[in-house]
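Student: Please take one part of this molecule and look at it closely with me. I would like to start from a single residue and work outward.

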Amino acid sequence: MSFDFKNDPFENFLKSYQEAQTKGIPDANAMALSTVDENHKPSVRTVLYKGLINRGFSFYTNYEGRKARDIKSNNNVAALFFWSHLDRQIRIQGTVEKLSREASENYFATRPRLSQLGAWTSNQSEKIESFEIFQKKIDEIDLRFQEKIIPCPPHWGGYRIEPSEIEFWFGKAGRLHERYVYEKTGSGWNRFLRAP
Ligand SMILES: Cc1cc2nc3c(=O)[nH]c(=O)nc-3n(C[C@H](O)[C@H](O)[C@H](O)COP(=O)(O)O)c2cc1C
């Protein structure tokens, strides 16, 4: 892919993402998400990127798990896509905010039933005694909602990352990688290159 630095960063992101999808990159929507807790300790995990919403990178999760707790005390995050077959990395820094209830409910309604049950059952990030006990809870909740539409739990929903910086990294021979950086200014983007 030829990279046009004059383009808007979201346009370039979508082009790259589309390329990753059309070339069959496995789990192209898997995004590493780093948060920092109230004691300044970082942690990282994978979430699924679910599209740009109002020029922000969206994902869905439990609002009471570890990452949500981190976000509550510090909404600065970093996110990363790495597509090895394309030799490409996209780094995002920014702040997160919750999506509207409506957006979360609409997305929740599209999830498979088992994932919906999981969202009701799992106290994400908390200690559990065993997978058997957890499965029992799933079965109970399954019975409770039998034949019914499963509503979006109040403790579950989406976030969007409002980027303050996006870096496109292209792997090149001899480690002379190309790094194209967009840094948010008040009204637009400051563009510059970074040494590999
Ligand atoms: C490929 C992949 C995709 C995942 N997608 C999500 C996701 O979209 N939302 C989510 O809450 N957890 C997702 N997970 C699980 C998280 O990595 C993590 O275990 C979970 O969110 C709990 O993180 P926390 O305890 O730091 O809050 C995914 C894991 C993998 C490996």
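Student: Is Phe5 buried or exposed, and what is its relative accessible area?

Tutor: Phe5 is buried, with a relative accessible area of 18%. Buried means under 20% relative accessible area, exposed means over 50%, and partly exposed is in between, all with a 1.4 Å probe and protein chains only. First, some ground rules. This is a predicted model: local features need pLDDT of at least 70, side-chain atom pairs count only at pLDDT 80 or more, and totals for chains, interfaces and linings use all residues. Residues are numbered from 1 along each chain as its sequence is written, and side-chain values use heavy atoms, with hydrogens and water left out.

Now the place of Phe5. It sits in the segment before helix H1 (9-22). Helices (H or I, at least four residues) and strands (E, at least two) are DSSP runs, numbered from the N terminus. Set aside the neighbours within four places in sequence. Phe5 is then in contact with Tyr180, Val181, Tyr182, Arg191, Phe192 and Leu193. Contact means heavy atoms within 4.5 Å.

Follow those partners. Strand E7 covers residues 178-184 and strand E8 covers residues 189-194. The two run antiparallel, joined by 6 bridges. Two strands pair if DSSP finds at least two bridges between them. One such link has Tyr180 with Leu193 of E8 as its bridge partner. A hairpin of 4 residues connects E7 to E8.

Just ahead of E7 is a loop. Ala173 lies there, between strand E6 (156-170) and E7. Ala173 is exposed, at 68% relative accessible area. Its C-alpha atom is 41 Å from that of Asn62, and the two are 111 residues apart along the chain.

Step back into E6. Arg160 lies in this strand. Arg160 is buried, with a relative accessible area of just 4%. Its side chain has a polar atom 2.9 Å from the backbone oxygen of Ile53. A second polar contact, also given as 2.9 Å, joins the side chains of Arg160 and Glu162. A polar contact is a pair of N or O atoms within 3.5 Å; within protein, one must be able to donate a hydrogen and the other to accept it, and residues adjacent in sequence count only if both atoms are side-chain atoms. Leaving aside neighbours within four places in sequence, the contacts of Arg160 include Ile53, Asn54, Thr95 and Glu97.

Asn54 deserves a look. It lies in the loop between E2 and E3. It is exposed, at 65% relative accessibility. Its phi is positive, about 50°, although it is not a glycine.

That brings us to E2. Phe5 and Pro42 are 37 residues apart along the chain, with C-alpha atoms 31 Å apart. In a regular strand the side chains alternate between the two faces of the sheet. E2 shows this alternation: Ser43, Arg45 and Val47 point to one face and are buried. Pro42, Val44, Thr46 and Leu48 point to the other face and are not buried. E2 pairs with strand E1 (residues 30-36) in the antiparallel sense over 7 bridges. Here Ala30 has Leu48 of E2 as its bridge partner. The hairpin of E1 and E2 has 5 residues between the strands, and His40 takes a positive phi near 70° in it.

E2 also meets the ligand. The residues around the ligand include Arg45, Thr46, Val47 and Leu48, along with Tyr60, Lys67 and Ser125. A residue is near a molecule or strand if one of its heavy atoms lies within 4 Å of it. A polar backbone atom of Tyr60 is 2.9 Å from a nitrogen atom of the ligand. Polar side-chain atoms of Lys67 and Ser125 each lie 2.6 Å from an oxygen atom of the ligand. The protein covers 62% of the 620 Å² of accessible area that the ligand has on its own. Accessible areas come from the Shrake-Rupley method with a 1.4 Å probe; for residues, only the protein chains shown count as cover. Strand E2 (42-48), strand E3 (57-62) and helix H2 (66-73) each give two or more residues to the shell. E2 gives the most, with 4 residues.

Finish with Ser125. It lies in the loop between helix H4 (113-121) and helix H5 (131-144). It counts as partly exposed, at 44% relative accessibility. Its phi is positive too, about 80°, although Ser125 is not a glycine.
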